[in-house]
Amino acid sequence: MSAILTKTPVTAPPDTEPAPRIVPARRTGQWTAAAAVLVLVALGLVSVATNRAFQWDVVGAYFTSTSVLRGLGLTLWLTALVMALGFVLGTLLAVMRLSDNPVLRAVSWGYVWFFRSTPILVQLLFWFNIGVLYPTILGVHTVNLLGPVSVAVIGLTLHEAAYAAEVVRGGILSVDRGQIEAAQSLGLGRGRRLTRIVLPQAMRAIVPPAGNMLIGTLKGTSIVSVIAVQDLLYSVQLVYHATYQVIPLLLVATLWYVLVTSVLSVGQHYVERHYARGTAGAR
């Protein structure tokens, strides 16, 4: 018997409705707000550029003057020295705070508590008048021992060390405990574990707040003008006390602070990216 092959008719697929058209959300309010902000910014810039009271010609004349550049140099030197000494002392305090010795922990906690609780201006004035409290220390007369610059270095360093201690301590605590245990299993001593294992990994968490501290310290050095340290702000004050051109000289100081902090911010970005290599947030 021969098989009879039948051809199954091909039926057309049923009519389907077209896919819905995707319409982007209208963000009229956001674009309106953005346009309003741009208009306000433009008006502000035009006002600053055209207002004769700012005396931009005077700003240009004093921007690179010898006295201003000398004050800027002292500000940069003071910032670098205070940050270096502050982090050295802060790292020591952080290690003491994480120590198993209760005395070291208590001393570190007390230091951080005290110097974070008192205003920096009070600390500077205290050190500036240390000769009143202790006229002699170990047979040395203290009245003329500390000059204004020395007082600024001591006061700012002790103040910054308290904040640096917490930054370093937070960075150390961010390191996975397993890393430390692995280093212990290899027989590494406490010092080598800290310098070779813990701190390099802790830098990922230390660098961002440390960069903010650096910028804050740069601007905070302006407070030393109250004890006659000839930093950037004090230098422009000397000029406008003689010329009575207060606004343009303050603009000179402001522009230098903005310029230096912008450079430091760019440097902080690249340092953060260096220590964030191999992580999801690195870019």
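**Exercise 1. Place Tyr244 and state whether this residue is buried or exposed.**

Step 1. Tyr244 sits in the loop between helix 10 and helix 11. Helices here are DSSP runs of H or I with at least four residues, strands are runs of E with at least two, and both are numbered from the N terminus.

Step 2. Check the backbone. Tyr244 has a phi near 65°, a positive value in a residue other than glycine.

Step 3. Check the accessibility. Tyr244 has a relative accessible area of 70%, so this residue is exposed. The cut-offs are under 20% relative accessible area for buried and over 50% for exposed, with partly exposed in between (1.4 Å probe, protein chains only).

A note on the model: it is predicted, so local features need pLDDT of at least 70 and side-chain atom pairs count only at pLDDT 80 or more, while totals for chains, interfaces and linings use all residues. Residues are numbered from 1 along each chain as its sequence is written, and side-chain values use heavy atoms, with hydrogens and water left out.

**Exercise 2. Do the same for Ala228: which loop holds this residue, and what is its phi?**

Step 1. Ala228 belongs to the loop between helix 9 and helix 10.

Step 2. Its phi is positive, about 65°, although Ala228 is not a glycine.

Step 3. Ala228 has a relative accessible area of 44% and is partly exposed.

**Exercise 3. Outline the fold of the protein chain.**

Step 1. Count the elements. There are eleven helices and two strands.

Step 2. Read the order. From the N terminus on, the elements run α-α-α-α-α-α-β-β-α-α-α-α-α.

Step 3. Look at burial. Of the 283 residues, 30% count as buried.

Step 4. Look at contact range. A contact means heavy atoms within 4.5 Å. Among contacts between residues at least 6 apart in sequence, 74% join residues at least 24 apart.

**Exercise 4. Describe how helix 7 packs on helix 9.**

Step 1. Choose the descriptors. Two packed helices are described by the angle between their axes and the distance between the axes. Axes are lines fitted to C-alpha atoms, for helices over the stretch in contact, and angles run from 0 to 180 degrees between N-to-C directions.

Step 2. Read the values. Helix 7 (residues 148-173) and helix 9 (residues 190-220) pack at about 140°, with axes 8 Å apart. Helix 7 is therefore oblique to helix 9. Under 35 degrees counts as roughly parallel, over 145 as roughly antiparallel, 65 to 115 as roughly perpendicular, and the rest as oblique.

Step 3. Give the hand. Helix 7 passes helix 9 in a right-handed crossing. A crossing is right-handed if the near helix is turned clockwise from the far one by less than a right angle, and left-handed if anticlockwise.

Step 4. Name the residues. In helix 7 they include Glu160, Tyr163 and Val167; in helix 9 they include Leu194, Ile206 and Met213. By class, this contact of helix 7 with helix 9 has 14 nonpolar, two polar and one charged residues. Nonpolar covers Ala, Val, Leu, Ile, Met, Phe, Trp, Tyr, Cys and Pro; charged covers Asp, Glu, Lys and Arg; the others, Gly among them, are polar.

**Exercise 5. Which residues of helix 3 and helix 11 meet?**

Step 1. Set the geometry. The axes of helix 3 and helix 11 come within 12 Å and cross at roughly 40°. That makes helix 3 oblique to helix 11.

Step 2. List the contact. Val68, Leu69, Leu72, Thr75 and Leu76 of helix 3 meet Val252, Trp256, Tyr257 and Val260 of helix 11.

Step 3. Sort by class. The contact of helix 3 with helix 11 has eight nonpolar, one polar and no charged residues.

**Exercise 6. Find the largest nonpolar core and the helix that gives the most to it.**

Step 1. Fix the term. A nonpolar core is a set of buried Ala, Val, Leu, Ile, Met, Phe, Trp, Tyr and Cys residues joined through side-chain atoms within 4.5 Å.

Step 2. Size the core. The largest has 17 residues; among those with the most contacts inside it are Val68, Val252 and Trp256.

Step 3. Assign the helices. Helix 2 (56-62), helix 3 (66-97), helix 10 (232-243) and helix 11 (246-275) each supply at least two residues. Helix 11 gives the most, with seven residues.

Step 4. Zoom in. Val252 touches Val59, Tyr62, Phe63, Val68 and Val236, not counting residues up to four places away in sequence.

Step 5. Add the second core. A separate one of 13 residues includes Val167, Ile172, Ile206 and Met213.
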